[in-house]
Amino acid sequence: MNPYSLNICVVGTGYVGLTTGVCLATIGHKVTCIDVDNNKINMLLHGKSPIYEPGIEDLLKLASDHLEFTASYSNCNNADVIILAVGTPSTATGTADLSYLEAAAVEVAKYLSASKLQVIVNKSTVPIGTAKRVRLIIDMELSRADKTATYAVASNPEFLREGVAVHDTLYPDRIVIGSDSMDAINVLRTMYAPILEQTFTVPQECPRPEGFSLPGIITTDTTSAEMIKYAANAFLATKISFINEIGGLCEKVGANVTEVARGIGQDKRIGSRFLQAGVGWGGSCFAKDTAALISTGKEYMYELPIISATVKLNKRQRQRIIEKLQETLKVVRGRTIGLLGLAFKPDTDDLRDAPALDIVRDLLEMGARVKAYDPIAMDNCRSRYPDLNIEYFPNALAAVEGCDAVILVTEWDEFRHLALTNMAEKMCNEKVLVDGRNLYKPGEARQAGLTYIGFGR
Ligand code: NAD
């Protein structure tokens, strides 16, 4: 049992909120997870996770004594910490839509009390100034209700990756806390103490990685904390776009981008991660966060040419898939194209800004037939994009049967082990394999009878 056990409310039970809530309960806090979506709450009350995230259902069971799920904000009344983890999607102009966060702040304000310090935490990714905005909204609500409360606002950006979200929460590289209140920072230090000191009972389902060193804590002001999150995502997106730009030139000059990445990645100043050339980045965060950063720049009439180029280049990578098909098949209309993978990355069912969606739209527009298989994301795709005329198949080989070309979009582990000869046997005509993640060895693919096309090699 955690000796520093706190009462915590987490608002929003999506990828971030649910993982945070479940992990904080696992390390010994008493957690209430709140969501306006009754379907999600009902599923959670039955021990089912509304999102696909490895390990989450095991921890739901493990921490069930410390966890409550509800659509009501009433437990905020007694909470030491209230974590806002609602969505902040892009608006049409690229700014972050703060309407969910602001609505949550209004609700939280109704339940704040004056009996003890309560810390309201922005964990959602939010533009600079949002901590101040949340404070303003709460103050206005309190004054409207003629109430007082003892509260502070903190910014605590989240860096977890979908697919390994539980691992990233229990074993983070660092924790960033921004607040103007030292007392608030101390409460959050206490909340994170079992993670910072790694004193929690390690769940069997998510063992501590060997050689893991204690995470650092960065305490700062709210504006810097908000900027840290955007800067981190913009940097990672830029790293991927950079290697894709180099990959394009490698194709022209006959170099191999995998070798180049290996060569530069061993330089400790560069590092080898996020240097895989391919179809580029996707997901709920990079596109919206780079757009939000660019739009903040515009507000201040400050151009961000590097980040703008990063976004442009990423769009080009998706088009490169189609260009590569056209270069090989010549005519795409009337062809049957298979897609391996729909999710924006492996081990998630998340389709937000998934490259597969753009590729499918282009193929359908060009008059191709699209067959697809994804180990997890097909149901999500069916229900969210009923307009997309995709034919879904129960396994990879069924999806590639009769295809002129197959595009590997998501590097799910099971695709690594695909028998390429079987795949070639099932396909027809040019038997093109566009390897959007450079997952296969070109020589082996060609030997199997496929026309192999990778990225940057
Ligand atoms: P999500 O869409 O999966 O979940 C958001 C949840 O908030 C939904 O369940 C929704 O029903 C709920 N919600 C909306 N309004 C609410 C309200 N007023 N009260 C209670 N619940 C409400 O989003 P997510 O992927 O978890 O992202 C949340 C935030 O975290 C975003 O700002 C995102 O940028 C950031 N973030 C996401 C990731 C990631 O990998 N997904 C990583 C780091 C940071």
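**Ligand surroundings and the two open sheets**

In the ligand site, an N or O atom in the side chain of Lys 40 is placed 2.7 Å from an oxygen atom of the ligand, a polar contact being a pair of N or O atoms within 3.5 Å, where contacts within protein further require that one atom be able to donate a hydrogen and the other to accept it, and residues adjacent in sequence count only if both atoms are side-chain atoms. The model is a predicted one, in which local features need pLDDT of at least 70 and side-chain atom pairs count only at pLDDT 80 or more, whereas totals for chains, interfaces and linings use all residues. Residues are numbered from 1 along each chain as its sequence is written, and side-chain values use heavy atoms, with hydrogens and water left out.

The side chain of Thr 88 likewise has an N or O atom 2.6 Å from an oxygen atom of the ligand, and for Thr 125 a backbone N or O atom is found 2.9 Å from a ligand oxygen atom. The protein buries 90% of the 830 Å² that the ligand exposes when taken alone (accessible areas by the Shrake-Rupley method with a 1.4 Å probe). Around the ligand there are 28 residues, of which Asp 35, Tyr 73, Thr 88, Glu 162 and Lys 288 come nearest (one heavy atom within 4 Å of the ligand). By class, this shell has twelve nonpolar, eight polar and eight charged residues, and at least three residues are drawn from each of domain 1 (7–220) and domain 2 (256–453), with the domain bounds taken from an automatic or database assignment.

An open sheet of eight strands follows the order β3-β2-β1-β4-β5-β6-β7-β8 with mixed pairing, where strands are DSSP runs (E, at least two residues) numbered from the N terminus and two strands pair if DSSP finds at least two bridges between them. Because β3 (67–70) and β8 (216–220) stand at the edges with a single partner strand each, one side of each is left without a neighbour in the sheet. Within this sheet, β4 (residues 81–84) and β5 (residues 118–122) pair in the parallel sense over four bridges, and Val 81 has Val 119 as its bridge partner in β5.

A further open sheet consists of six strands in the order β11-β10-β9-β12-β13-β14, with parallel pairing. Here β11 (390–392) and β14 (451–453) are the edge strands, each with a single partner, so one side of each lacks a neighbour in the sheet. Strands β9 (residues 336–340) and β12 (residues 405–408) run parallel and are joined by four bridges, with Ala 405 in β12 as the bridge partner of Ile 337.

Definitions and conventions: Ala, Val, Leu, Ile, Met, Phe, Trp, Tyr, Cys and Pro count as nonpolar, Asp, Glu, Lys and Arg as charged, and the others, Gly among them, as polar.
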